[in-house]
Amino acid sequence: MKPLTLALAPLILAASPAVAQSHAGHAGHAPAASAPAQQATPPALEPAHDCPMMREGRPCPMHGKPPEDPHAGHDMSGMQMAPAQTPAADPHAGHDMSGMRIAPAQASTADPHAGHDMSGMQMAPAQTPAVDPHAGHDMSGMQTAPAQTPAVDPHAGHDMSGMQTAPVQTPAADPHAGHDMSGMTGGAPNIPTSVDSVGGRMVETPPPPAARAAPAHAADLLFDPAVMAAARKQLLVENGDVRTTAVLVDSIEANFGDGEEGYSWKAQGWTGGDINRFWWKTEGEGDFGGKLHGVEVQALYSRAIAPFWDVQAGVRQDFRPDGDDTTHLTVGVQGVAPYWFEMNAAAFLSTEGDLTARAEVEYDQRITQKWIVQPALELEMSANDIPELEIGSGLTSVTAGLRLRYEIRKEFAPYVGVEWSRSLGDTAHYAKARGEDAEDVRLVVGIKAWF
C-alpha cells in the first residue's frame, strides 16, 4: 500500500497547478489562505498526461475535450482554497541512486501505469532485501558449521595486552596430599555382624576380666557402701515393695440337686507387697433350711519364691455346728502354672495329729471378650481315718465342675454351671451310713467378683 501511495503522489502534485491555473482567470481572487474549517469542493482533476492541445483549451483527438471548470462564472473572491496535501518528502532526494538495484516486485500483477509517460515521476525506493555479506566470495573451500556452533569470542581481534585478568580462585589444598592412604578403609567402621560368624549369630566380645572383679554395685567404689545400701533399700520400698490390698470372691452360689437345696461360698484376699503378703481364705456350705455344715478360715503368711508362685504358711480354723472345732497348721503353695492354670495345694496338720491335704486347679478359657468357660477340679486326701469327721484314709473325694460366666465388668461376672462330686473309699461308706448317696450332681448359679 505504501509503494502505491508514493507512486500516485506525483499525480496529485501535477493536478494542483492545473487547478490553480483554472482559477487564475477569475476576478478578485485573493491569495489562497488555509481554512480547515471551510473547504471548497476540489476541482475536477486534469489528466495526468502533458497534452499541449488540452493546455490551450483545444480538443485533443486522443484525450477528448478538456474538462470544464465547475466554478466558471462563479464569484470566488470570498472563497478560501483548502491547502493541498503535500506528499511526504522523498527520503532519498539528492542522493545518487545510480548504483542501486531496484528490488523486484513481489506480485506479478499488471503495471497500472503501462503506456503512460512517467518521465517526470520519481520512483519510490523499494524495500531491498538484506545484502548477503558473503556475496562475491569464493566459499568452495569452506566447511559448513555444525548445528550448534560455539559462541564467538567477543574479544576476537581486540588488543588485550593492557588488560588485567581477574585472579583465579584456586581450590583448597588437599589436607591428605602426600599421605599414604592405601591402608585406610571406607567411611563406615568395621563392625562385626552375623555374616562374619558361623551359624548366623552376632559376634559377642567377652567382657574384660576387670568387669567381673568389681563389686556388685559400682556406686560403692565412689560412695560409702553403707550409705548406698540404705539408698537401695529405700528404692526397693518406694518402687519394688508397693503395698496393695485385694479381695477375690471366687464363688457365691446356690446349688440345686436331688437332695436339699444348698448354698456355698469361697473367697480369698491379700495385703502387702510383691514379695511378702498376708493372705486370708475362707469357704463354707449349708442348706437353705438353715443348717450350716461347716466354715473354714485360714490366715497365712505368703512369700514369693518365683514369678507367679508363692509359698504360704499359717493356721486354719474349722467351725462345725454339730461337732468340735478344729485347728490346723497349714503349709502350701499357690500360683499360676504354664498356660495359665491356677493352682492351689496345701497340707493341714490338726491339733489332734490328723494329716489331710487338698489340691485345686482351674482354668479360664475365653470364648469371647465377655464369655468365659471355667473348668475346675478339686481333690481331697487323708493320711488316716478320722471317724469323728466321717473321713476315711486315702483319696476321700473328687469334685469337678464346669461354669460359664459373663463378665458384665471385669470386677463382676455372674455364671451358671454344673458340678459333680463323689465320695471315695471309707468316706463313701460313711455317706451311705448317713443315708446319703456317694455321688451327686448339682446345678449351680452364682457370682464371681473382685475388688
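Good morning. A residue is called buried when its relative accessible area is under 20%, exposed when that value is over 50%, and partly exposed in between. I begin with this definition because several residues in my talk are sorted by it. The structure above is a predicted model.

Let me start with the salt bridges. General chemistry tells us that side chains of opposite charge can pair when their charged atoms come close. How many salt bridges does the structure hold? The count is 20.

The pair I would like to show in detail is lysine 266 with glutamate 360, whose side chains meet in a salt bridge with a nitrogen-to-oxygen distance of 2.7 Å. These two partners come from distant parts of the chain, 94 residues apart. Lysine 266 sits in strand E2, which covers residues 262–272, while glutamate 360 belongs to strand E8, residues 355–363. Are the partners buried or exposed, or do they fall in between? Lysine 266 has a relative accessible area of 22%, so it is partly exposed. Glutamate 360 has a value of 18% and therefore counts as buried.

A second pair joins arginine 442 and aspartate 440, whose side chains meet in a salt bridge at 2.8 Å, again from N to O. Arginine 442 is buried, because its relative accessible area is 18%. Aspartate 440, at 22%, is partly exposed. Salt bridges that share partners also build one network, which joins Glu283, Glu296, Arg316, Asp318, Arg320, Arg358 and Glu380.

The third pair is formed by arginine 434 and glutamate 436, with their closest N and O atoms 3.2 Å apart. Arginine 434 has a relative accessibility of 41%, so it counts as partly exposed. Glutamate 436 is likewise partly exposed, with a relative accessible area of 42%.

I now turn to the space inside the model. Rolling a probe the size of a water molecule over the atoms shows where empty space is left. How many cavities of 30 Å³ or more are counted? The count comes to 1 cavity. The largest cavity encloses about 30 Å³ of space.

Which residues line the largest cavity? They are Asp250, Gln374, Arg403, Arg405, Tyr415 and Lys448. By class, this lining has 4 charged residues, 1 polar residue and 1 nonpolar residue.

To close, I return to the pair I showed in detail: lysine 266 in strand E2 and glutamate 360 in strand E8 link distant parts of the chain. Thank you for your attention.

How values were computed:
Residues are numbered from 1 along each chain as its sequence is written. This is a predicted model: local features need pLDDT of at least 70, side-chain atom pairs count only at pLDDT 80 or more; totals for chains, interfaces and linings use all residues. Side-chain values use heavy atoms; hydrogens and water are left out. On a 1 Å grid over the protein atoms alone, a cavity is a set of points where a 1.4 Å probe fits but cannot get out, and a pocket is an open set with protein on both sides within 12 Å along at least five of seven lines; lining residues have an atom within 4 Å of a point. Grid points are joined across faces, edges and corners, and a volume is the space filled by probe spheres set on the points. Ala, Val, Leu, Ile, Met, Phe, Trp, Tyr, Cys and Pro count as nonpolar, Asp, Glu, Lys and Arg as charged, and the others, Gly among them, as polar. A salt bridge is a side-chain nitrogen of Lys or Arg within 4 Å of a carboxyl oxygen of Asp or Glu. Helices (H or I, at least four residues) and strands (E, at least two) are DSSP runs, numbered from the N terminus. Buried means under 20% relative accessible area, exposed over 50%, partly exposed in between (1.4 Å probe, protein chains only).
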